[in-house]
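Okay, thanks everyone. I'd like to walk you through a few spots in this one, so have a look at the screen and stop me if I go too fast.

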Protein chains: 2
Amino acid sequence: MDTYQKIMVALDLSSESEAVLQKAHLIAGLNADIHLVYVQEPMDNIYVGIVPQSAAFSGLGDLEARLAEEIKQKLSALGEKFSVSLENLHILHGSPATEIHRFAKQHQLQLIVIGSHGRKGLQLLLGSTANAVLHGSGCDVLSVRVGATS
Amino acid sequence: MDTYQKIMVALDLSSESEAVLQKAHLIAGLNADIHLVYVQEPMDNIYVGIVPQSAAFSGLGDLEARLAEEIKQKLSALGEKFSVSLENLHILHGSPATEIHRFAKQHQLQLIVIGSHGRKGLQLLLGSTANAVLHGSGCDVLSVRVGATS
């Protein structure tokens, strides 16, 4: 039995992503296949529930395109720093937990590494991706504690 | 930056505990300090909510003592198999997530390893220790997927 060879690191591309990636590297097998994944949630998913569809959203497509470009650059920079090949960098679209599960299953991954703020109470109810990823995951999940310690 | 050196493996002493312990061993540093922890929930915590205190509970103390002995034996057997020293075997009493968090903080652990059934939906609402441990944990958590894959 060898250590993890097929790993996904689910990143939010915040300043904490590097720390999460470092942990993944520490526990990965020598020639492990590491995939970096960012899930871009469609903006209308996020905002339309709050503000009704209106003229204010006419520029949303442009904004989304600029955001996509920024995400691509950040992901590439991380990939370069940690020697992850270009074909192992992935930008997915949809609901984070769903896309992460789908990707893990599709690529038969053994481990998902994700940053967690260790939320509890109300903060947790408001949503934690680490938590949602743990639910119903078909493989192991390493939740890396990021942010201030409680 | 080295891999995890101070690790707790939270066990339920089911047949799946060995698989969880194996994963912990795989990612542990060479001379890592590994603690095996079992949290025994007081029986009156579990049952008194369901059946009111009655004469039927008079034998509960005995049953609890026998259970404690069985737990001790199972934990010792696992410790021996994985070369964990006696002083690193711990039986705690109380609510699992609370005790696990307290122990991790007290021993300044870097990683909690715990088995997870990857529950979702109603099963999850009915309680998952892995999930409860992730919430509010001050350190990293590796949830090892056990049981049938979904």
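Let's start with B:Ser17, whose side chain reaches the backbone nitrogen of B:Leu13 at 2.9 Å. Keep in mind that this is a predicted model. B:Ser17 sits in helix H1 of chain B, which covers residues 17-27. Is B:Ser17 buried or exposed? It's buried, with a relative accessibility of 1%. If you skip the neighbours within four places in sequence, B:Ser17 is in contact with B:Leu11, B:Asp12 and B:Leu78.

Now the cysteines, since somebody always asks. How many disulfides does a search of the whole structure find? The count is 0, over all chains. Why no bond for A:Cys139? The closest cysteine sulfur belongs to B:Cys139, and at 20 Å that's too far for a bond. Looking from the other chain, B:Cys139 is in no disulfide either, with the sulfur of A:Cys139 20 Å away. Both cysteines are buried, by the way: A:Cys139 has a relative accessible area of 9%, and B:Cys139 has 8%.

Right after that cysteine, let's move to strand S5 of chain B, residues 140-145. This strand is mostly covered, with 6 of its 6 residues buried. B:Asp140, B:Leu142 and B:Val144 point one way, while B:Val141, B:Ser143 and B:Arg145 point the other way. So what does S5(B) pair with? Across the chains, S5 of chain A runs antiparallel to S5(B), and 3 bridges join them. In that pairing, A:Leu142 has B:Leu142 as its bridge partner. Within chain B, strand S4, residues 111-116, runs parallel to S5(B) and is joined to it by 6 bridges. If you want a spot to zoom in on there, B:Gly115 is partnered with B:Val144.

On to helix H4, and I'll take chain A here. In H4(A), residues 96-106, the buried residues include A:Pro96, A:Ala97, A:Glu99, A:Ile100, A:Phe103 and A:Ala104. Look down the axis of H4(A) and its buried residues fall within an arc of 165 degrees, so they line one face of the helix. That fits the usual geometry: an α-helix has 3.6 residues a turn, so residues three or four places apart point the same way. A:Lys105 and A:Gln106 are exposed, on the other side of H4(A). What do the buried residues pack against? In chain A, that's strands S1, S2, S3 and S4, plus helix H6. Following the helix you get A:Gln108, with a positive phi near 50 degrees.

Over in chain B, B:Gln106 lies in H4 as well. B:Gln106 counts as exposed, at 54% relative accessibility, and its side chain makes a polar contact with the side chain of B:Arg102 at 2.9 Å.

Last stop, the cores. The largest nonpolar core has 50 residues, and those with the most contacts inside it are A:Val9, A:Leu36, B:Val9 and B:Leu36. Take A:Val9: leaving aside neighbours within four places in sequence, its contacts include A:Val20, A:Leu21, A:Ala24, A:Ile34 and A:Val113. There's also a second, separate core of 34 residues, and among its members are A:Val141, B:Ala97, B:Ile100 and B:Ala104. In soluble globular proteins, nonpolar side chains tend to be buried together.

That's my tour, so over to you for questions.

Note on methods: Residues are numbered from 1 along each chain as its sequence is written. Chains are lettered from A and ligands numbered from 1 in the order in which they are written. This is a predicted model: local features need pLDDT of at least 70, side-chain atom pairs count only at pLDDT 80 or more; totals for chains, interfaces and linings use all residues. Side-chain values use heavy atoms; hydrogens and water are left out. Helices (H or I, at least four residues) and strands (E, at least two) are DSSP runs, numbered from the N terminus. Buried means under 20% relative accessible area, exposed over 50%, partly exposed in between (1.4 Å probe, protein chains only). A polar contact is a pair of N or O atoms within 3.5 Å; within protein, one must be able to donate a hydrogen and the other to accept it, and residues adjacent in sequence count only if both atoms are side-chain atoms. Contact means heavy atoms within 4.5 Å. A disulfide is a pair of cysteine sulfur atoms within 2.5 Å. Two strands pair if DSSP finds at least two bridges between them. The arc is that of the directions from the helix axis to the C-beta atoms. A nonpolar core is a set of buried Ala, Val, Leu, Ile, Met, Phe, Trp, Tyr and Cys residues joined through side-chain atoms within 4.5 Å.
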